[in-house]
Number of protein chains: 4
Amino acid sequence: MSMQQTAEGMTRPAGRPRSEKAEKAIIDATLDLLGEGIGVSELSIEAIAARAGVGKTTIYRRWSNKEDLVVDAMATLKPPIPLPQGASVRESLVTYLKVIAEESRHQRTRCIMNIALSDPDRHPRLAERFREVALEPRREIVRAILAKGIETGELRGDLDVDIAMAIISGAMMWQTKWVWPGEATEARLPERIVEEALKGFRQRAAEN
Amino acid sequence: MSMQQTAEGMTRPAGRPRSEKAEKAIIDATLDLLGEGIGVSELSIEAIAARAGVGKTTIYRRWSNKEDLVVDAMATLKPPIPLPQGASVRESLVTYLKVIAEESRHQRTRCIMNIALSDPDRHPRLAERFREVALEPRREIVRAILAKGIETGELRGDLDVDIAMAIISGAMMWQTKWVWPGEATEARLPERIVEEALKGFRQRAAEN
Amino acid sequence: MSMQQTAEGMTRPAGRPRSEKAEKAIIDATLDLLGEGIGVSELSIEAIAARAGVGKTTIYRRWSNKEDLVVDAMATLKPPIPLPQGASVRESLVTYLKVIAEESRHQRTRCIMNIALSDPDRHPRLAERFREVALEPRREIVRAILAKGIETGELRGDLDVDIAMAIISGAMMWQTKWVWPGEATEARLPERIVEEALKGFRQRAAEN
Amino acid sequence: MSMQQTAEGMTRPAGRPRSEKAEKAIIDATLDLLGEGIGVSELSIEAIAARAGVGKTTIYRRWSNKEDLVVDAMATLKPPIPLPQGASVRESLVTYLKVIAEESRHQRTRCIMNIALSDPDRHPRLAERFREVALEPRREIVRAILAKGIETGELRGDLDVDIAMAIISGAMMWQTKWVWPGEATEARLPERIVEEALKGFRQRAAEN
DNA sequence: GCGTAATCGAGACGGTACGTCTGGTCTTAAT
DNA sequence: ATTAAGACCAGACGTACCGTCTCGATTACGC
């Protein structure tokens with residue numbers, strides 16, 4: 001945890017030991033509240049303490065500020081997306097995007113996602129942590145899919161992989177959060193994005 | 001504006017008319033504060049009133065809550081991006097993306113952008129308005145560029161235009177805000193995105 | 001009136017003349033509100049304007065502050081107490097005190113009295129005016145009664161008249177307002193005060 | 001105090017106990033402000049909080065409104081007047097009235113007195129409390145002086161004590177506050193009042 | 001009858017204080 | 001030493017009036 005980390009083998013500090021139960025309750029309460037659509041700014045230590053049935057002191061003793069707490073709470077969320085084992089790049093990417101779409105349909109994931117994406121300038125440590133625990137693992141999956149595609153010759157050898165990753169994830173995100181936010185993220189969106197990304201916009205004739 | 005909208009031809013209501021100067025000062029103060037990195041939640045009516053040199057009443061008389069004010073403040077921001085007149089789709093898109101990149105380098109635009117993009121769930125009216133005044137005009141530009149490309153035969157006639165738009169804008173946004181936020185949005189990003197989007201990821205061989 | 005007093009024969013100033021009706025309405029509204037138990041401090045120009053059906057400007061044009069208005073409003077109240085024509089000093093004084101007691105039983109007189117007596121330090125001009133229009137006329141009555149008593153030999157020739165006046169009025173006031181405020185000002189209070197004042201506290205034996 | 005009154009022997013309520021220092025600071029600030037001539041109406045909680053160096057909550061936690069606070073503040077003022085031990089009734093009463101006169105020459109006592117006396121109708125609880133802590137103790141002194149006078153035969157056995165008290169105190173008050181307010185309460189006023197009160201207004205001849 | 005000019009009611013203006021709420025910190029007794 | 005409770009100071013909230021100001025409309029007079 002953030003502030004007290006008794007190394008193994010050291011003698012336990014005097015006095016009453018910290019309650020693990022309290023700690024868990026705090027983290028849970030935090031995630032609950034975030035999951036209910038409370039933003040980081042609106043999230044108050046007071047509310048967390050009340051929800052967790054814990055004194056405010058108990059929270060401040062462990063985390064010196066709200067952001068640290070949220071960061072730690074985030075860290076407990078597992079990145080559970082497995083590498084899709086599709087027969088083709090197209091198939092794998094579509095599968096991946098469908099998982100993402102499915103995830104953002106769940107209230108809790110959705111809200112926490114929003115918070116994480118909210119404002120990297122205002123909560124830089126939060127953003128950084130989010131990048132670590134959620135973004136990069138997912139990026140690695142896409143990177144792996146694309147790398148395998150290049151290896152098998154399905155994709156161009158000179159593909160700009162970073163940009164390709166941005167195209168896949170960015171298009172999905174953009175369309176979902178901003179352009180069609182209410183439309184239940186149109187079911188065939190993944191296929192359409194992958195299709196166009198793979199094909200390219202240009203006339204074939206123009207390529208000759 | 002939000003609350004008072006005297007229809008044309010109606011007699012002016014009795015009493016001293018509302019001050020346009022005050023109104024402008026309030027909007028300016030709001031945008032100033034947002035531009036300085038204050039978030040919507042942290043933004044206080046009291047601070048706006050103080051900055052604008054205005055009584056709180058004067059604000060509450062016009063807008064019944066903070067969000068309405070921010071919404072109206074947003075609406076005064078002009079979407080000043082002209083349609084790029086490049087010789088080719090590639091050139092036009094690159095020009096467009098460079099303008100976007102340039103914009104987000106300015107503190108004020110950047111902060112306001114962040115707020116607008118922050119959380120469509122928490123501030124839905126804000127998000128909606130932002131979509132109207134900023135997003136859609138920009139989307140129309142991309143749409144126009146792509147439409148012209150199809151017309152001239154530079155792009156595929158069966159191009160999924162919505163998805164193509166999402167790819168262009170989404171990739172740019174995603175990479176800028178989330179993947180390389182600190183890296184001054186790498187100068188050649190626009191070219192690289194446009195390049196890959198136009199070409200497509202696939203091997204030409206695979207297309208034959 | 002306080003601010004505008006066109007002397008007779010002077011040419012009337014240009015423009016629309018001030019409305020006497022408005023003036024009267026303002027004074028009436030003021031006395032009404034005071035009569036309802038609103039104190040000078042709690043009395044608001046806004047409330048007076050609303051009650052009188054008049055713009056606030058119309059009040060401020062005539063009186064530069066609240067106190068001036070209240071002073072003028074007071075001045076319109078007539079001091080209607082006649083000189084009691086009792087057969088003896090005792091009878092006259094009792095009659096006088098009973099009138100006072102009766103007066104203070106009426107809501108309006110009572111409230112305005114309270115205001116006038118409220119705080120000579122905070123509203124000195126108000127207090128001064130009150131002394132002029134209400135206090136002194138009443139004091140003159142008592143003075144006249146006592147003077148006549150001395151003349152007829154009913155009272156001691158070396159009576160300290162000022163002090164005697166203070167004893168009569170002060171005892172009445174004190175007992176009424178402070179000691180027995182709720183007790184409907186006990187009906188025989190005037191007789192009892194006059195009795196003791198005339199007799200003196202001392203044993204007759206001690207006088208010999 | 002008004003709202004929290006832990007009975008003896010009860011276990012202390014959980015949490016940080018209320019600060020006696022803050023409580024004292026609030027009372028002091030209140031009396032200070034009143035003593036500076038601020039009236040109850042003009043007295044603002046905000047000003048008290050600022051003066052006491054205390055949050056507004058700390059005030060509202062203890063007193064639910066301004067009047068309760070002023071009432072409690074009043075109650076802390078001790079009635080320090082000792083029973084005058086004069087050789088005669090005359091001497092004791094004069095001594096007593098001189099103390100009163102002296103008291104009302106002090107700014108603080110004077111202002112607070114004014115407030116207390118201001119308007120029993122508008123602030124009935126305040127008036128009631130004032131009667132308890134200041135008025136009655138003083139009345140008891142006068143009553144004791146008179147009772148002793150009757151006992152020693154110096155005063156008439158059938159003296160109407162209540163009325164006699166009203167005459168003494170009322171005459172003093174009336175003359176001081178209303179008739180000669182500016183005249184530094186003429187030095188010999190106590191003697192003159194006592195003199196006339198003891199003697200009575202009537203000709204001795206008339207008594208035989 | 002027409003311009004001039006002070007008035008009228010209405011209501012917006014910049015302020016101040018209200019009483020409430022919540023923020024993060026501090027201080028208890030009990031564990 | 002850590003806990004839950006809750007008081008602490010601070011300050012924003014939205015409301016109510018303050019006394020001033022600015023409007024269009026009204027009302028008199030002298031031209």
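Student: Which helices supply at least two residues each to the surface near DNA strand E?
Tutor: Keep in mind that this is a predicted model. On chain A and on chain D, helix 2 (45-52) and helix 3 each supply at least two residues, and helix 3 of chain B and helix 3 of chain C do so as well.

Student: Which helix gives the most there?
Tutor: Helix 3 of chain C, with five residues.

Student: And which residues come nearest to strand E?
Tutor: Of the 44 residues around DNA strand E, the nearest are A:Ser44, C:Thr58, C:Arg61, D:Ile45 and D:Tyr60. On the DNA side, sugar and phosphate make up 66% of the strand E atoms that come within 4 Å of the protein.

Student: What does the side chain of A:Ser44 sit 2.5 Å from?
Tutor: A phosphate oxygen of DNA strand E; the partner in A:Ser44 is an N or O atom of the side chain.

Student: OK, bases now. Which side chains have an N or O atom by a base oxygen of strand E?
Tutor: B:Thr57 is one of them, with a side-chain N or O atom 2.8 Å from a base oxygen. D:Arg16 is another, and there the distance from a side-chain N or O atom to a base oxygen is 3.1 Å.

Student: How does the surface near strand E split by class?
Tutor: Ten nonpolar, 18 polar and 16 charged residues.

Student: Switching to strand F: which residues come nearest there?
Tutor: There are 45 residues around DNA strand F, and A:Arg61, B:Tyr60, C:Ser44, C:Glu46 and D:Arg61 come nearest. Of the strand F atoms within 4 Å of the protein, sugar and phosphate account for 69%.

Student: Which polar contacts go to its phosphate oxygens?
Tutor: Among them, D:Arg61 has a side-chain N or O atom 2.3 Å from a phosphate oxygen of strand F. Backbone atoms take part too: a polar backbone atom of A:Gly55 is 3.1 Å from a phosphate oxygen, and a backbone N or O atom of C:Ile45 is 3.3 Å from one.

Student: Which elements give two or more residues to the strand F surface?
Tutor: Helix 3 (56-62) of chain A and helix 3 (56-62) of chain D, plus helix 2 (45-52) and helix 3 (56-62) of both chain B and chain C. By class, the surface near strand F has eleven nonpolar, 16 polar and 18 charged residues.

Student: Let's leave the DNA. What rotation puts chain B on chain A?
Tutor: A rotation of 179° with a 0.1 Å shift along its axis, giving an RMSD of 0.4 Å. In chain B, B:Gly200 has the C-alpha nearest that axis, 1.5 Å away. Both copies use the same surface, as 100% of the contact residues of chain B recur in chain A.

Student: What about C and D?
Tutor: A turn of 180° and a shift of 0.1 Å along the axis lay chain C on chain D with an RMSD of 0.4 Å. That is the relation of a two-fold axis. Of the interface residues of chain C, 98% are also interface residues in chain D, so these copies meet through the same surface.

Student: Back to A and B: how do their helices 8 cross?
Tutor: The axes of helix 8 (residues 161-179) of chain A and helix 8 (residues 161-179) of chain B come within 6 Å and cross at roughly 110°, which means the two helices are roughly perpendicular.

Student: Which residues meet there?
Tutor: On the chain A side they include A:Ala166, A:Gly170 and A:Trp174, and on the chain B side they include B:Ala166, B:Gly170 and B:Trp174. By class, that contact has ten nonpolar, six polar and two charged residues.

How values were computed. Residues numbered from 1 in each chain as written. Chains lettered and ligands numbered in written order. Predicted model: local features only at pLDDT ≥ 70, side-chain atom pairs only at ≥ 80, totals over all residues. Heavy atoms only, no water. Least-squares fit on C-alpha atoms with pLDDT ≥ 70 in both. Contact = heavy atoms within 4.5 Å. Near = heavy atom within 4 Å. Polar contact = N/O pair within 3.5 Å; in protein donor to acceptor, adjacent residues only side chain to side chain. Helix = DSSP H or I, 4+ residues; strand = E, 2+ residues; numbered from the N terminus. Nonpolar A, V, L, I, M, F, W, Y, C, P; charged D, E, K, R; others polar. Axes fitted to C-alpha atoms, helices over the stretch in contact; angles between N-to-C directions. Parallel < 35°, antiparallel > 145°, perpendicular 65-115°, else oblique.
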